[in-house]
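Trainee: Could we go through this model together? I would like to ask how the labels are earned.

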Amino acid sequence: RQWVRTAADLIRDGKTVDALARLREVNQPENADWHNLMGFAFRKQTPPDLERSEFHYASALKIKADHRGALEYYGELLLMKNDLAGAEAMLQRLSRACVFGCEEFRDLKGAIERYRKSK
């Protein structure tokens with residue numbers, strides 16, 4: 001599953017075109033991680049493709065309802081769409097998925113706090 005690490009690194013390095021090419025090459029639409037990374041890449045490209053990103057996050061959550069990465073990233077996408085209530089719903093789902101706390105919960109909670117302060 002080296003493709004997960006490779007795609008994530010490419011996205012974080014701003015190489016979303018390369019990440020999407022790699023993800024399309026491995027083509028694993030039954031895999032929640034694959035959909036999460038596709039959503040992440042579409043959200044991080046310039047300009048972001050929020051519609052495609054949302055499709056992939058929703059698909060990841062259909063496969064694995066408690067996928068922490070998809071819950072965090074989908075919440076961040078919802079903030080980009082000015083849907084605070086939706087982002088808070090993702091945070092609630094993360095609170096159940098992260099019984100003892102996790103980085104994804106802390107990151108989305110911080111994003112929601114920053115969003116509130118900016119409004």
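**Reading the labels**

Mentor: Gladly, and let's begin with Tyr74, which is in contact with Glu54, Tyr57, Ala58, Leu61 and Met90, leaving aside neighbours within four places in sequence. Contact means heavy atoms within 4.5 Å. This is a predicted model, where local features need pLDDT of at least 70 and side-chain atom pairs count only at pLDDT 80 or more, while totals for chains, interfaces and linings use all residues. Residues are numbered from 1 along each chain as its sequence is written, and side-chain values use heavy atoms, with hydrogens and water left out.

Trainee: Which residues have the most contacts inside the largest nonpolar core?

Mentor: They are Leu23, Leu37, Tyr74 and Met90, in a core of 36 residues. The term covers buried Ala, Val, Leu, Ile, Met, Phe, Trp, Tyr and Cys residues joined through side-chain atoms within 4.5 Å.

Trainee: Why is Ser53 called buried or exposed?

Mentor: Buried means under 20% relative accessible area, exposed over 50%, and partly exposed in between (1.4 Å probe, protein chains only). Ser53 has 0% relative accessibility, so Ser53 counts as buried. Ser53 touches Gly39, Phe42, Arg43 and Leu77, not counting residues up to four places away in sequence.

Trainee: And what makes His35 buried?

Mentor: His35 counts as buried because its relative accessibility is 6%. Beyond four places in sequence, His35 touches residues including Pro29, His56 and Tyr57.

Trainee: Why does Asn27 get the label partly exposed?

Mentor: The value for Asn27 is 48% relative accessibility, so Asn27 counts as partly exposed. Asn82, at 49%, is partly exposed because that value lies between the two cut-offs. Each also has a positive phi in a residue other than glycine: near 35° for Asn27 and near 60° for Asn82.

Trainee: What is the omega of the peptide bond from Thr46 to Pro47?

Mentor: Omega is near -10°, and that peptide bond is cis.

Trainee: What makes up the lining of the largest pocket, by class?

Mentor: There are four nonpolar, three polar and eight charged residues. Ala, Val, Leu, Ile, Met, Phe, Trp, Tyr, Cys and Pro count as nonpolar, Asp, Glu, Lys and Arg as charged, and the others, Gly among them, as polar. Of the 15 lining residues, Asn36, His67, Gly69, Tyr73 and Glu104 lie nearest the pocket's centre. A pocket is an open set of points on a 1 Å grid where a 1.4 Å probe fits, with protein on both sides within 12 Å along at least five of seven lines; lining residues have an atom within 4 Å of a point.
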